[in-house]
Amino acid sequence: MKKENLILLADAYKYAHHKFYYPGTTHIYSYLESRGGMFNETVFFGLQYFLKEYLQGPAFNQVDLDEADEFLKQVFGRDDVFDCSKFQYILDKYNGHLPVRIKAVAEGSSVPIGNVLMTIENTDPECYWLTNFLETLLMQVWYPCTVATLSHEVKKTVTQYYEETATPEAFGGIGFVLNDFGFRGVSSVESAKIGGAAHLLSFAGSDNLAGSGMAITYYHAEKVYGLSIPATEHSICTLLGQEGELEVFKHVLRSFPTGVIACVSDSYNIFRACSEYWGEDLKQEILKRDGTLVIRPDSGDPVMTLLEIFNILFDKFGFVTNARGYKVLPPQVRVIQGDGVNYTEIGVIYKALKENGISAENLVLGMGGALLQKVDRDTQKFALKCSSAVIDGKEVAVEKSPAEMDASGNISTSFKKSKGGRLKLVKTAEGYKTIQHDEQPELADQLQTVFENGHIIKDFTFEQLIDTLQHQ
């Protein structure tokens, strides 16, 4: 199957920039940062995928160049915008290997907003235009970074409530609290791959097989990290109609007499299902199982529905009060909430459980569109900007500092103000800090060269990323 034509993977306005750069420009140095947004830190992940999939080795060939030349003449309706000689130079001199150097913080790092995460610069003075030509493609790293950040922040919330309401022996299950249900809700298989892998840095629960495959293919994962269980859907539980729901539930239990299984139970009346079918008719069969039945509601207000379900299940199956004073169902019964789950709602749900004396360990979550699709570049306000250039042999700091007017007519400096100069990311006693490259030489630059002149220089494993994220 034909790979994407790299020459066409840019915003159309980029193709005129080789002319717009001021005469004498030979070097462009740009940086990527997360300028702010929903969370105070951003997990850096996914660059290696884009490097391997699109940039390494000969990134394009003569066929690609010829195709792009014809295509772009039609785009602009003129032949003086796209200059195929620029790419022909790279093809002839470097056999299509891109003369750029990319440095980045170690993938899996969680870095406070407002810091440099990656830099890119041309290594051949003839290719000054190439640095920011690659912005369109490389900027897409915002997506895996944002999903990884979101998943990591959910884990912080879950951990907080586990620490407050669960006992230490329950902590082994945290990795399965948030399950990726997002494959069907994303815009593409590629999104499922890179978003799914981003989630796996923090959680093991996933129905998104593409994410595990991506971790193996692009990050040398030693195993499948996304794990799942047998679970029903409504097409199964409604086959015999409302009067046959109990019979279906019996069949579900007997199809997998051991291990963890999940059953959607809101097809008709979730409260009747919990009180009569699961809590009476099938109670003894459930309690005798070597495994856990996970009951899934899938409609209604999450908090009110869950509180009522837990009241019913505690009444029917009993509970123990753990060392922290919170109720815990028998190990054969748990609940999964997969409807209406997002970052904010997760905190609301676990807070409500705590206020009602219910341990967090009773509940796991499924998150679909809100995990993989309801994010955008502004969730963490990603930007890639030029901060240094060489013009007529002289290096100059480059930055922008827009003035903006608020609704009251007050003028101030925009948050879009960029950094100037060549940058270095260092670690101090206070954490990460971005400084000029020649400042504090005693502090090592946390930006490592990961790509240079068409070659992957640093190749991370998925295990390294997980370790980095867990031990910061």
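Ala, Val, Leu, Ile, Met, Phe, Trp, Tyr, Cys and Pro count here as nonpolar, Asp, Glu, Lys and Arg as charged, and the others, Gly among them, as polar. By these classes, the lining of the largest pocket has 17 nonpolar, 14 polar and ten charged residues. The model is predicted: local features need pLDDT of at least 70 and side-chain atom pairs pLDDT 80 or more, whereas totals for chains, interfaces and linings use all residues. Residues are numbered from 1 along each chain as its sequence is written, and side-chain values use heavy atoms, without hydrogens and water.

An open, parallel sheet has five strands in the order S6-S12-S11-S8-S7 (strands are DSSP runs of E of at least two residues, helices runs of H or I of at least four, numbered from the N terminus; two strands pair if DSSP finds at least two bridges between them). Strands S6 (178–180) and S7 (261–264) are at the edges with a single partner strand each, so one side of each lacks a neighbour in the sheet. Within the sheet, S8 (residues 293–296) and S11 (residues 333–337) run parallel and are joined by three bridges; Leu-293 has Val-333 as its bridge partner in S11.

The largest pocket (on a 1 Å grid over the protein atoms alone, an open set of points where a 1.4 Å probe fits, with protein on both sides within 12 Å along at least five of seven lines; lining residues have an atom within 4 Å of a point) is lined by 41 residues, with Asn-179, Phe-181, Ala-262, Ile-336 and Gly-366 nearest its centre. S6, S8, S11, strand S12 (363–367) and helix H16 (369–372) each give two or more residues to this lining, and S12 gives the most, with three.
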